Each structure stands twice: as structure tokens, then as C-alpha cells.
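Please open the model in a viewer and keep the sequence panel at hand. The tour below proceeds by selection, from charged pairs to a sheet, a single strand residue and the nonpolar interior.

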Amino acid sequence: MADNHNLQNPHAIMIPYPLQGHVIPFVHLAIKLATKGFTITFINTRSIHQQISKSHSSPGDDIFAGARKSGLDIRYATVTDGLPLGFDRSLNHDQFMECVLHVFSAHVDELVGDIVRRSDPPATCLIADTFYVWPSMVAEKYKLVNVSFWTEPALVLTLYYHLDLLRENGHFGGSDNRKDSIDYIPGVGPIKPTDLMSYLQAADIWTVVHRIIYKAFADVKKADIIICNTVQELEPETISALHQKQPTYAIGPVFPTVFTKSPVATNLWPESDCTQWLDPRPHGSVLYVSFGSYAHTTKHDIVEIAHGLLLSGVSFVWVLRPDIVSSDDTDFLPAGFEEDVKERGVIVPWCCQVEVISHPAIGGFLTHCGWNSIFESVWSSVPLLCFPLLTDQFTNRKLVVDDWKVGLNLCDERPIARKKVADNIVRLMRGETSNGLRNEIKKMRKTLEDAVATNGNGSSERNFKRFVNEVKVKIKRRSGIAIGT
């Protein structure tokens with residue numbers, strides 16, 4: 001049986017979903033927990049680890065080596081996702097996801113079992129991504145406290161959590177879904193069906209991702225604790241309604257408040273340095289454009305956005321992944337575009353987003369509405385131009401544009417058109433609309449700042465302490481030791 005010292009300092013095994021937008025908050029949470037005395041064993045898939053290693057000149061076998069030098073007890077392991085390392089997961093998305101659904105759990109089970117048997121202090125807690133289908137099985141088998149880490153807004157979590165209500169009311173899962181407003185989800189005001197996540201708007205509801213969603217959101221209901229990368233004050237009713245079902249804590253934004261490059265390598269592509277190009281530009285004059293690390297779009301959309309940038313006359317940094325259209329089509333910009341914009345635009349395959357977005361020259365962000373990107377933009381007081389592509393991004397857009405009023409839609413209709421793109425870039429960057437957005441985003445930045453205040457008054461800091469205490473209490477119960485000993 002573990003001694004009291006080990007119970008006071010839990011050992012958490014942390015497993016993010018194998019996508020960059022999930023790995024980043026997991027890394028930041030691992031560092032935060034380790035600074036509070038936790039021992040962490042952090043597990044990436046071998047494929048993610050290989051991508052990070054290729055992108056950085058020297059992360060070696062252990063991305064946390066630097067963090068350990070500062071005295072943090074963070075160990076690192078990798079596990080196969082069931083596919084060969086050379087397999088193109090982006091191009092063969094469905095095969096990759098079938099492996100995550102059916103094969104991955106066996107490899108995780110084996111590795112976790114090995115860590116539980118060998119580790120000192122003993123592993124006592126599992127912090128796994130909510131999108132996994134196996135955490136309750138693994139946690140139960142090894143008597144670990146089961147913590148589900150949700151890396152997106154609480155609104156998205158609760159919509160998936162209440163899929164049964166959406167089905168019963170005919171807004172999901174039927175051949176002809178209702179088009180009227182959804183007004184029956186606990187803790188959520190009326191929401192339009194077009195603001196649901198892309199998977200809940202799809203005609204085919206038996207894709208591999210749908211099957212993952214059904215299993216994962218049945219599994220999360222067995223978690224001991226849910227932690228959410230959001231802020232209580234931004235989604236109070238939603239968090240409160242979830243908390244009534246099972247312990248749910250808003251602990252976001254989960255990133256270092258000293259907003260600099262992470263000491264732990266997480267990027268999956270080599271970074272270009274844009275700071276020298278940005279340094280001489282006027283304050284707030286440059287639009288940052290990035291569609292994240294994962295989602296794809298069409299050649300048509302890229303061409304219209306390129307023409308929109310040309311027409312707008314605005315300076316820009318455009319992060320354009322080579323596989324943004326697909327791994328097979330890497331020639332998607334209009335002929336002569338790079339020559340036409342070379343005086344006022346720079347195009348790079350990837351960059352350190354926090355460095356660019358926090359640069360004084362940046363005045364707006366044309367984004368896919370990934371949740372990390374939204375928080376980073378708000379933290380830098382940079383208003384958003386929203387172009388959601390996939391999954392939670394449509395629902396995130398609703399929060400940004402309709403609820404918080406810190407962004408605009410790139411275009412209200414699809415297919416997007418260059419004139420509309422140009423007009424909205426100009427509205428975002430200057431004039432009355434721009435000023436209104438900037439005022440709102442400064443207020444929202446203050447909300448985030450207050451939430452993570454370490455003076456004991458911040459809601460996220462208080463929730464973080466509650467979460468840690470609850471983990472310790474549950475570990476003691478599971479170990480058969482009376483509370484308070």
C-alpha cells in the first residue's frame with residue numbers, strides 16, 4: 001500500500017489525443033500539475049513524437065528534458081497508435097481514426113499496466129482526453145482516479161454530452177432534422193442547428209468519428225472528474241449544469257500567463273521566424289492568417305482568401321500548411337500571388353503562433369476558430385475573423401461572434417467570395433466596427449486575466465485547487481486510507 005507521502009503527491013498518467021490542438025493544453029497542464037507537486041508520466045503516440053522530433057532540431061527522446069532541469073518530476077513515454085510510423089495519417093484520416101477507436105486501447109492498456117507496476121511513487125490517477133473511448137476501462141482496471149480533460153469550450157462538451165436529447169427532439173440522427181432553434185439543453189440558451197459541431201450537422205452519422213463520439217461521450221459519464229479548458233465567467237450556466245451531473249471544473253485558459261514560447265516542444269512542423277519581418281511594421285497593422293494544424297479546406301477557398309487579401313490592401317502573415325488542401329495537392333495559390341504581395345505579405349508553412357499573435361504589429365487574426373487559437377488571440381487582445389472548417393469550430397464561432405462579440409464572420413455564406421473576404425478584412429482591421437471589437441476583446445482579456453490570478457481570487461485558480469483536492473481525496477478513498485490521516 002502507498003505511504004502517506006505518495007498520497008499527498010499524486011502520480012498522474014496523462015494521455016492527450018494525437019492532434020496538436022490537444023497536445024498543447026495537455027503539456028501546459030502537465031507543467032502546472034508538476035509545479036504543484038504531482039509526478040507526471042506524459043504519453044504521446046510515437047507518430048506525434050516523431051513529428052515533433054522532425055520539427056525541432058534537438059528534442060531528443062524526451063520533450064520534457066528541459067522542464068525536468070527546473071526540478072519538475074515529469075517522465076515521458078511513447079506508445080504506438082497501431083499504424084506504421086511512415087503511414088500518412090492526414091491523407092488516410094478514416095483508417096487512422098479506426099485505429100484510434102479499435103486498436104489504440106490495447107497498446108495504452110499494456111503501457112499503463114507497465115507504468116503502474118514499476119513506478120515510484122505509484123501511479124494513482126489517469127488524465128485522458130475526453131475524446132478517447134477507453135479511459136473508464138483502463139482507470140478501473142488499474143484502480144486509478146479517472147480524470148477526463150476536455151480541451152474545448154463547455155458548450156461543445158455539453159452538446160455532445162446531451163446527444164440523446166438532440167436525438168429525441170429530432171435535431172440529430174434523423175433523415176430530416178429539425179431546423180428550428182435548440183432550447184432544451186441544460187445550461188445552454190437557444191442555439192441554431194447551424195451552430196452545432198460539424199459532426200452533428202452531418203447526413204452520415206455512422207462515420208468512424210461519429211462512432212468515436214458515441215463511445216467517448218458514454219465513457220465520460222463514468223469519469224470521477226471532468227476538467228475543462230474554459231473560464232467559469234465565460235460559460236457559467238453551462239459549467240454549472242454539467243457540475244450538477246458530475247464534478248466539472250473550468251480551469252482555463254491552460255497556458256502559461258507569461259505568454260512566451262513553451263519550454264516543451266509541441267509543434268508538428270518546423271517554425272519560421274516572422275518577428276524580423278513584423279518588427280518594422282506599424283502597430284496593429286498586420287493581419288495574421290492561420291487555419292490550424294489539422295483541418296483542411298478547398299482550393300477554391302484558398303484562392304478566394306488570397307484574392308481577398310490582395311483586394312483589402314492589408315499587410316499580412318499567412319501560415320499556409322503544405323497539406324492545407326490535401327497532402328496530394330500542394331500547388332493551390334493563384335498564379336503570381338506571392339510576387340503581387342511580396343511588399344506587404346509573408347507566407348510561411350508554420351510559425352510559433354504565440355510569438356506572432358502577441359507581436360505589437362498584429363491587429364487581427366483570420367482563424368479557423370480552434371479553441372487554443374481563440375484563447376491566444378483574446379490573451380493578445382487581437383480580434384478575430386472567423387472561418388470555421390471542422391468539428392467544434394462552428395460552435396466556437398458562435399461564441400466568438402454572437403455571444404462575446406470579439407469577432408466577425410469571414411463570410412456568412414458558402415462558397416466564400418473574394419469581395420466579401422476583402423470587405424470583412426477591412427472591417428476587422430480599421431474603422432468603427434474594429435474599434436468596437438477591440439473594446440470587447442480587452443474586457444474579455446481582463447476576464448481571462450482575473451480567472452487565472454494567483455492571488456486566490458481567480459475562478460480558474462480556485463477551481464484548479466478544488467480539482468487537485470478532489471483527486472487527492474479520491475486517491476485516499478481508493479487506497480483504503482481514512483481521510484485526514
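A salt bridge is here a side-chain nitrogen of Lys or Arg within 4 Å of a carboxyl oxygen of Asp or Glu. The model is predicted, so local features need pLDDT of at least 70 and side-chain atom pairs count only at pLDDT 80 or more, while totals for chains, interfaces and linings use all residues. Residues are numbered from 1 along each chain as its sequence is written, and side-chain values use heavy atoms, with hydrogens and water left out.

**Charged pairs**

By the rule above, the count comes to 22 salt bridges. Select D73 and R75 to begin: their closest N and O atoms are 2.9 Å apart, and the two residues form a salt bridge. Relative accessibility is 27% for D73 and 28% for R75. Both values fall between the limits used for burial (buried means under 20% relative accessible area, exposed over 50%, partly exposed in between, with a 1.4 Å probe and protein chains only). D73 therefore counts as partly exposed, and R75 is likewise partly exposed.

Next, select R178 and D180, whose side chains meet in a salt bridge at 2.6 Å, N to O. R178 is partly exposed at 35%, and D180 is partly exposed at 35%.

Then move to R397 and D195. What joins them? They form a salt bridge, with the closest N and O atoms 2.9 Å apart. This pair links distant parts of the chain, 202 residues apart: R397 belongs to helix α18 (residues 393-403), whereas D195 sits in the loop between α9 (163-168) and α10 (198-201). Helices (H or I, at least four residues) and strands (E, at least two) are DSSP runs, numbered from the N terminus. Both R397 and D195 are buried. Adding K192 and D402 to the selection shows a network of salt bridges that links K192, D195, R397 and D402.

**The parallel sheet**

Display strands β8 to β13. These 6 strands form an open sheet with parallel pairing, in the order β10-β9-β8-β11-β12-β13. Its edge strands, β10 (345-348) and β13 (407-409), each pair on one side only; two strands pair if DSSP finds at least two bridges between them. On average, neighbouring strands of the sheet are turned by 20° against each other, direction ignored.

Zoom in on β9 (residues 315-319), which runs parallel to β10 and is joined to it by 4 bridges. Within that pairing, W318 has I347 of β10 as its bridge partner. Now add helix α14 (residues 299-312), which lies across β8 (286-290), β9 and β11 (362-367) and runs at about 160° to β9. Axes are lines fitted to C-alpha atoms, for helices over the stretch in contact, and angles run from 0 to 180 degrees between N-to-C directions.

**A buried threonine**

Select T45 in strand β2 (residues 39-45). T45 is buried, with a relative accessible area of 3%. Its side chain reaches the backbone nitrogen of I48 at 3.2 Å. Beyond neighbours within four places in sequence, T45 is in contact (heavy atoms within 4.5 Å) with P18, V79, D81 and F104.

**Nonpolar cores**

A nonpolar core is a set of buried Ala, Val, Leu, Ile, Met, Phe, Trp, Tyr and Cys residues joined through side-chain atoms within 4.5 Å. The largest has 140 residues, of which I127 and F467 touch the most other members. Helix α2 (residues 20-35) gives the most to this core, with 8 residues. Centre the view on F467: outside its neighbours within four places in sequence, its contacts are L33, I127, V147, I225, I227 and Y249. Finally, select L366, F387, C411 and V421, which are included in a second, separate core of 31 residues.

Key:
Polar contact = N/O pair within 3.5 Å; in protein donor to acceptor, adjacent residues only side chain to side chain.
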